[in-house]
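Trainee: Could we go through this structure together? I would like to begin with the aromatic rings and then turn to the strands.
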There are 2 protein chains.
Amino acid sequence: MKIAVDAMGGDLAPQAIVEGVIQAASELPSEARIVLIGRENIILDIFKQNNFTPVNIDIVHAEDVIEMGEHPTKALSQKPNSSIGIGFRLLKEKEVDIFCSAGNTGAMHVGALFSIKAIEGVLRPAIAGFVPQVGGGHSIMLDIGANADCKPEVLSQFGEIGSLFAQHTFQIDNPRVALMNIGEEEQKGSLTAQATYPLLKANKKINFIGNIEGKDLFNDKADVIVTDGFTGNILFKLGESLYDIMKKRGIQDDFIDQTNYESIGGSPIIGVNGNVMIAHGVSSPLAIRNMIGWAYKQVKSKAYQHIAQALN
Amino acid sequence: MKIAVDAMGGDLAPQAIVEGVIQAASELPSEARIVLIGRENIILDIFKQNNFTPVNIDIVHAEDVIEMGEHPTKALSQKPNSSIGIGFRLLKEKEVDIFCSAGNTGAMHVGALFSIKAIEGVLRPAIAGFVPQVGGGHSIMLDIGANADCKPEVLSQFGEIGSLFAQHTFQIDNPRVALMNIGEEEQKGSLTAQATYPLLKANKKINFIGNIEGKDLFNDKADVIVTDGFTGNILFKLGESLYDIMKKRGIQDDFIDQTNYESIGGSPIIGVNGNVMIAHGVSSPLAIRNMIGWAYKQVKSKAYQHIAQALN
């Protein structure tokens, strides 16, 4: 297994990324290698600073970097030799099994759509956030930012692809799928939510349990939370903020610790023909280390292959 | 000043409501009286149970009750002698200065629109939630549930009426108005958010500070948070859930205490020709007591009169 990591993406790149990779490398099972993509001399310098001799890490040199503020489509076409451009080339050619980056989220999303492409039958791939639950474990919420506006058919399909992902990555039989809404009754919500409910209800491939409300986000009500990328992104970022708020107030709690973005480190794109993981822009070494652990699990789960099989 | 309270509305009514009124009555300034609307014999029984002799409370008998599950418009026309029906009649006739209820939210919203009506020029009145901030104090977020789908013009006006409300009720000069969105840049967001930004930016009557993200909800970034009633409701209910989650985990914290719905107890409808306060469905005596305190402040602030003046 080869786990590709963009050394150059993220606010603290390349230093924090390479240091996270160094931490992860010693913990990875022997079947896995890390492919670090970026400016070779810089990567080697950071190895040297850390007195680190790579054993299970390959470096693929990338001359260019797509910056955080760049326009995704333009940057990808103008910088084919950027770390993100090369990462998706390797992923498409199956030289690597997953590509992870804390860089420009738009470029990661567009790069996935243009290179490995959406699975046939998938209307809109989504970014899925892992949401910690008070009982332990995680739910996945999708979308958390790839599609700010979603049609009911798209939301309904999120329920299906999210359910398959939860089943294979979290080993949950018959995952409970819920629609994030403003009331429990079927007729509640925005026009879009009202139109989505009957589609989810009619889908025999999923275990749809109905609407959940904001108060249920962390409450072990659902394994898969369906929402548009606007609502999902706002909820997800609010959830992540709890750790910083409580830490500043001197409060330590196991559940609150799980809201720390570093504890997961990455969010997969679901619905594309391959494994892609988007890390937080401010990723620390710990976040990158944990993301690589999840990346390994995701490849092992063969979730995207299961989704492709189920839809075709 | 007369503060009308629906004795019959809410999951724990009439017991919890009347007990909350008893608590509030002893704390109210002498210029204020409470008008308790509901079945007179039941209210008197609860007074007796509590060995309470009312001094600054008047009872207005209401034979009927609008139940939580009833259709708002139908219920209001079929039950003119319900506590909510009578409350709005008294409010319209200026027999009372504010009407508060923990009953059917839809009936409260529709009742306000049909009786005292929207202020001329207000496109859509909104329910405004008080959101605690880590630095102390509160921001207001609107809408939190009256309008699940909002046009950009409606959202832009929320910024204006919310700003006037914050200015007069919270005594904040030049309140900071922000749009809840999925990124800080102007071009980010759903189609609606993208179209709303320039309207807010062009409005010279408000101090628009741009977009905020989910992580900024509690972070003292804005005094007025503009969002549609779908996103706002989900965020608000998530915020309220934090108190229960942390309490169950044995954690006490001043900020978390403020996320307890009981600490405010009610949410005003902004943009109508009068003062209306909607309390939480599960309102406890403490929640009702605190809501009455805020109701007093709201009447004193003359916020709705200021909004009517500013718009006309």
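Mentor: Let us start with a definition: a charge sits over a ring if NZ of Lys or CZ of Arg is within 6 Å of the ring centre and within 35 degrees of the ring normal. Please keep in mind that this is a predicted model.

Trainee: Which residue lies over the face of A:Trp294?
Mentor: That is A:Lys297, at 4.1 Å from the ring centre. In chain B, the charged end of B:Lys297 is placed over the ring of B:Trp294, 4.1 Å from the centre of that ring.

Trainee: Which aromatic cluster does A:Trp294 belong to?
Mentor: A:Trp294 forms one cluster with A:Phe130, A:Phe165 and A:Phe170.

Trainee: How many aromatic pairs does the structure hold over all chains?
Mentor: There are 16 over all chains. One of them is formed by A:Tyr197 and A:Phe208, whose planes stand at 80° with the ring centres 5.1 Å apart, so this pair is edge-to-face; the angle that counts for this is over 60 degrees.

Trainee: Where in the chain are those two residues?
Mentor: A:Tyr197 belongs to helix H7 (residues 191-202) of chain A and A:Phe208 to strand S8 (residues 207-212) of chain A, so the pair links distant parts of the chain, 11 residues apart.

Trainee: Are A:Tyr197 and A:Phe208 buried or exposed?
Mentor: Both A:Tyr197 and A:Phe208 are buried. Chain B offers another edge-to-face pair, B:Phe218 with B:Phe255, at 5.2 Å centre to centre and 70° between the planes.

Trainee: Why does that pair tie together parts that are apart in sequence?
Mentor: Because B:Phe218 is in the loop between strand S8 (207-212) and strand S9 (224-226) of chain B, whereas B:Phe255 is in helix H9 (residues 254-259) of chain B, the pair ties together parts 37 residues apart in sequence. B:Phe218 and B:Phe255 are buried.

Trainee: Now the strands, please. What is the strand order of the open sheet in chain B?
Mentor: The order is S3-S2-S1-S4-S11-S10-S5-S6-S9-S7-S8, which makes 11 strands with mixed pairing. Strand S3 (57-61) and S8 of chain B each have a single partner strand, so one side of each has no neighbour in the sheet. On average, neighbouring strands of this sheet are turned by 25° against each other, direction ignored.

Trainee: How many bridges join strand S1 to strand S2 of chain B?
Mentor: Strand S1 (residues 2-6) and strand S2 (residues 33-38) of chain B run parallel and are joined by 5 bridges. B:Val5 stands opposite B:Leu36 in S2(B).

Trainee: Which strands does helix H2 of chain B lie across?
Mentor: Helix H2 (residues 40-49) of chain B lies across S2 and S3 of chain B, and runs at about 150° to S3(B).

Terms used
Residues are numbered from 1 along each chain as its sequence is written. Chains are lettered from A and ligands numbered from 1 in the order in which they are written. This is a predicted model: local features need pLDDT of at least 70, side-chain atom pairs count only at pLDDT 80 or more; totals for chains, interfaces and linings use all residues. Side-chain values use heavy atoms; hydrogens and water are left out. Rings of Phe, Tyr and Trp (its six-membered ring) pair if their centres lie within 6.5 Å; planes under 30 degrees apart count as stacked, over 60 as edge-to-face and the rest as tilted. Helices (H or I, at least four residues) and strands (E, at least two) are DSSP runs, numbered from the N terminus. Buried means under 20% relative accessible area, exposed over 50%, partly exposed in between (1.4 Å probe, protein chains only). Two strands pair if DSSP finds at least two bridges between them. Axes are lines fitted to C-alpha atoms, for helices over the stretch in contact, and angles run from 0 to 180 degrees between N-to-C directions. Contact means heavy atoms within 4.5 Å.
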